[in-house]
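Please examine the protein shown here before reading the exchange beneath it.

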Amino acid sequence: MIKSFDRRIVTAATTVALGLVLTQAPASAARFSMVYTCAVPILGDRGVQFDGTLTATPNRPTVGTFTRVDLHVSRLSLRPPVAVTSWTAVAVADVDVAGAQTGTFRLSGSGGPVAAYEPVTGDLAGGWVPRAIGVDRLRLAKVVLKVSTAPFGDVVVPCSPRDPRPVAETLTVFTR
């Protein structure tokens, strides 16, 4: 009876250990910081500091498998002079591949209110399907913010990255 009990414990422990190894975990978040020029209606062009993290899931992407990409904006120094009731954003991230693949994909998201003169923060998500084995470097490109305000209604703020654009995340794509 004790041997049978011991085998069950070993079997259960092995199953749990294999489950932890085989589970597709997200990669650790890659921190980055970059500068954008945003065309703010009435106020004109503004230099904006953008700090965030980019996380890809799974952390070992394979060719032909969807890879989810989450962008957390920890600080966008664009401080609206009036309260924002809600916002939406679309970012296009260039996927630069060392070798076989290049392309773009979209990240999108939305958020709630932002008090006047407070920085915008939030989360965007999207993804892509890698088509080639190798190293991919993800860089953020144009970002368009659409903010809703009581005094001005909907306001569109296009933002372009200044060069050089830093690598926001590096992924190694594997075969299936």
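The dialogue below concerns a predicted model.

Student: In what order do the elements of the protein run from the N terminus on?

Tutor: The protein of this predicted model has 1 helix and 9 strands. The helix stands at the N-terminal end of the order, and the strands follow. Written from the N terminus on, the elements run α-β-β-β-β-β-β-β-β-β.

Student: Which residues lie nearest the centre of the largest pocket?

Tutor: The largest pocket holds about 390 Å³ of space, and its lining comprises 22 residues. By class, 16 of the lining residues are nonpolar, 3 are polar and 3 are charged. Strand 2 (44-57), strand 7 (134-149) and strand 8 (153-161) each contribute at least two residues to the lining. Nearest the centre lie Val 40, Pro 41, Leu 43, Pro 80 and Pro 81.

Student: Which side chains of strand 9 (residues 169-173) point to one face and are buried?

Tutor: In a regular strand, side chains alternate between the two faces of the sheet. Strand 9 shows such alternation, with Thr 170 and Thr 172 pointing to the face whose side chains are not buried. The side chains that point to the other face and are buried belong to Glu 169, Leu 171 and Val 173.

Student: Which residue stands opposite Thr 172 in strand 9?

Tutor: Strand 9 pairs with strand 7 in the antiparallel sense, over 5 bridges. Strand 7 covers residues 134-149. The residue opposite Thr 172 is Val 135.

Conventions: Residues numbered from 1 in each chain as written. Predicted model: local features only at pLDDT ≥ 70, side-chain atom pairs only at ≥ 80, totals over all residues. Heavy atoms only, no water. Helix = DSSP H or I, 4+ residues; strand = E, 2+ residues; numbered from the N terminus. 1 Å grid on protein atoms, 1.4 Å probe; cavity = no way out; pocket = protein on both sides within 12 Å on 5 of 7 lines; lining within 4 Å. Points joined across faces, edges and corners; volume = space filled by probe spheres on them. Nonpolar A, V, L, I, M, F, W, Y, C, P; charged D, E, K, R; others polar. Buried < 20%, exposed > 50% of the residue type's maximum accessible area, 1.4 Å probe, protein only. Pairing = 2+ DSSP bridges.
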